[in-house]
Amino acid sequence: MKEDNCLHAALICLGMLYYSHAITTEKLNHTRPSLHGHHEKGKEGQVLHRSKRGWVWNQFFVIEEYTGPDPVLVGRLHSDIDSGDGNIKYILSGEGAGIIFVIDDKSGNIHATKTLDREERAQYTLTAQAVDRNTNRPLEPPSEFIVKVQDINDNPPEFLHENYHANVPERSNVGTSVIQVTASDADDPTYGNSAKLVYSILEGQPYFSVEAQTGIIRTALPNMDREAKEEYHVVIQAKDMGGHMGGLSGTTKVTITLTDVNDNPPKFPQSVYQMSVSEAAVPGEEVGRVKAKDPDIGENGLVAYSIIDGDGMDMFEITTDYETQEGVVKLKKVLDFETKKSYSLKVEAANVHIDPKFISNGPFKDTVTVKISVEDADEPPVFLKPSYIFEVQENAASGTVVGKVHAKDPDAANSAIRYSIDRHTDLERYFIINAEDGNIKTMKALDREEIAWHNISVFAVEVHKQHQEAKVPVAIKVVDVNDNAPKFAAAYEAFVCENARSNQQFITISADDKDDSANGPRFIFSLPPEIIHNPNFTLRDNRDNTASVLVRREGFSRQKQDLYLLPIVISDGGLPPMSSTNTLTIRVCGCDSNGSLLSCNAEAYILNAGLSTGALIAILACIVILLVIVVLFVTLKRQKKEPLIVFEEEDVRENIITYDDEGGGEEDTEAFDIATLQNPDGINGFIPRKDIKPEYQYMPRPGLRPAPNSVDVDDFINTRIQEADNDPTAPPYDSIQIYGYEGRGSVAGSLSSLESATTDSDLDYDYLQNWGPRFKKLADLYGSKDAFDDDS
């Protein structure tokens, strides 16, 4: 409040000062002599007219932010030709004329009607002119002048940022630069001290200081410790008027953080760590953890652990968990409680990164003792060897000892052990093991050529603790015995030309032996003693496990003999040696003059003398065509439709009726099954139908006997009708109506013998008497009308 009163008083004083300056300027303008129209005489009496401006304008000034009750007098315009009679009119134009600045057209006084702000606009350019009030004729040329807005201290300093953040390393020296803050003042820096700023610190002592002229913040205390206090809040003030009383001020907040340096060594919180581990633990298993505390952060707080001494250096190792900054003690080798029950380690924790500036604060490491006790565990049996390899000869008798495995209980109890074979590894049960002593024996003869190696697994189990078991692999090699004779390496078949020369080689043979190489090659090839002097062929051992067969004589004939069988004896180099006799098949073939094979068939040789190859091909083609025709004929015959009812024997009458049946012509669409007139003597029971499946077996009704083989067709038909009426499985079309239907529209007359007997037909059938005994019955029925009448 006191500062505001002082500022108000200063503004009033400045206003009075400028007002007095304006009055003085006005008086000067009144007392300024007018040179307009002044006449001077020349040397020769000539009158010289000198034109001079009526006024010369200086800059006018107006104070900003004036809030008085009356308009502020800026200045006065006055022309030398103004005699004060009011005939001159003053006109003002330009920036702000008539709005901000107004002029009294009689007196020329200029007033500011509004409050001005220098920070908004610092000056205005105006034009003044004097004219005749009556005629508006310019009396003076227009003249420009400037009105400057005089600055007052009305703007406080403002910082570029409301809040600043800065970092500085802990333990920094006094005077270390932290950050520079900058403020600005909108007031005129060229006038007075309104924009002259001075910086000071309001909060943050005694840790920091600020330079008054530059705004640079510096450390003020030595050895500031981040671990004690990490963040500081500093308030900086900027004040104008050179920091004197009455000046305006602004503030900003600066948050300063101390960054970490490695100024603290790691320290273990205790001198001894106690740990324990079971002897059943496997290598790599974690035993325990240690941690050295380092108040530093980031890479300055990184700690690496190592074992530097102790009797457990070979049994344990330590690694660093960089996420938790802990040392992880792990098992390196298998432990044995019965051998050693405790171990001691000396562990060191050291900083990874060390700052040379603070090396004097060291050493940046610490040590601790780790004691590890081994706990007894119920362990499974342990075999004396990790694996076993035994040998046994093939063909050895059942019960032959292969080898012995041995396991023991590592615990102090030393329990008895029982052995067994994992049958999943010995499905054929070639071996058996003694449960008490671990002796492995064969159960059957072994064949190396079938299986050369047997890989089995043996279990060892504590007698009183069945869950404690161990497993060991056992490999058994079957030692080879020379029990296989060598044989041909392939099914050889040789060819020799008829025109072969003496001592000509025509095939090279080799052999295979299933036995091991020690009992196999080298192979010895020979002919049996009884044919050692074979007149046709001879054998030469090449002594490289192969032999060559040669021709002994010249000239062979396929007509005399086209096939030879040559026995060859092959012996191996085993102890004792094994041998076998193998037969080589040799065919005699026809060859050209160059020895190229033509034919090995004796029959083909004979045919070549009479027929050419083209003739043979033609004959074969004819045979194939005939076969194709026969096959097509048989196929077409099989495609004929079979009758619906199977007949047991053929009836002559059926053939005759079928012969006379001429069908119903073009409109006959119903088939006629003549099988209904089958010989009654051949029906001994139910005749099955092929077109339907009967629901039950039909049995002939008692009292209905088969019709006799009579010439009375009427009785025959009646009998069939009665059977059909009483047979539920009979075809629906087996009736006299269907039989008598011949259709309509046929251009031929009816040939039915049944219908002709009841009509007045003029046909003469006497010629049937001449057809022989097979047509005797028809001749009797239809041959003579007189005979028919006599019979009736």
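Okay, let's start with Glu299, which sits in the loop between β20 and β21. Keep in mind that this is a predicted model. Is Glu299 buried or exposed, or somewhere in between? It's partly exposed, because its relative accessible area is 49%, and the exposed class needs over 50%. Now look across from that loop: His353 is 54 residues away from Glu299 in sequence, yet the two C-alphas are 6.7 Å apart in space.

Let's zoom out for a second. We've got 792 residues here, and 34% of them are buried. The protein has nine helices and 43 strands. If you take the contacts between residues at least 6 apart in sequence, 66% of those join residues at least 24 apart. On the outside, the protein exposes about 47900 Å², with carbon and sulfur atoms supplying 53% of that.

Okay, the inside. The largest nonpolar core has 26 residues, and the ones touching the most other members are Val290, Tyr305, Phe316, Val347, Val370 and Ile372. Which elements give two or more residues to this core? They're all strands: β19 (272–278), β20 (286–290), β21 (303–310), β22 (316–321), β23 (326–331), β24 (342–351) and β25 (365–375). If you want one residue to click on, try Val347. Leaving out residues up to four places away in sequence, Val347 touches, among others, Phe268, Val290, Tyr305, Ile318 and Val370. There's also a second, separate core of 25 residues, and that one includes Val496, Ala500, Tyr564 and Ile586.

Next, the aromatics. Searching the whole structure turns up 16 aromatic pairs. Take Phe208 and Tyr232: the ring centres are 5.6 Å apart and the planes sit at 75°, so we call this pair edge-to-face. Phe208 is in strand β15 (residues 208–210) and Tyr232 is in strand β17 (residues 231–239), so the pair ties together parts that are 24 residues apart in sequence. Both Phe208 and Tyr232 are buried. Elsewhere, Phe383, Tyr388, Phe390 and Tyr419 make up one aromatic cluster.

Last stop, back out on the surface. Which residues form a nonpolar patch out there? That would be Ile619, Leu620, Ile623 and Leu627, with about 380 Å² of accessible area together. Leu627 lies in helix α3, which covers residues 613–638. Leu627 counts as exposed because its relative accessible area is 53%, and the cut-off is over 50%. So put Leu627 at 53% beside Glu299 at 49%, and you've got a residue on each side of that line.

That's my tour, thanks.

Definitions and conventions. Residues numbered from 1 in each chain as written. Predicted model: local features only at pLDDT ≥ 70, side-chain atom pairs only at ≥ 80, totals over all residues. Heavy atoms only, no water. Patch = residues over 30% accessible without salt bridge, like charges linked within 9 Å, V, L, I, M, F, W, Y side chains within 5 Å. Areas by Shrake-Rupley, 256 points an atom, 1.4 Å probe, with all protein chains shown as cover. Salt bridge = Lys/Arg side-chain N within 4 Å of Asp/Glu carboxyl O. Helix = DSSP H or I, 4+ residues; strand = E, 2+ residues; numbered from the N terminus. Buried < 20%, exposed > 50% of the residue type's maximum accessible area, 1.4 Å probe, protein only. Contact = heavy atoms within 4.5 Å. Core = buried A, V, L, I, M, F, W, Y, C linked by side-chain atoms within 4.5 Å. Phe/Tyr/Trp six-rings, centres within 6.5 Å; stacked < 30°, edge-to-face > 60°.
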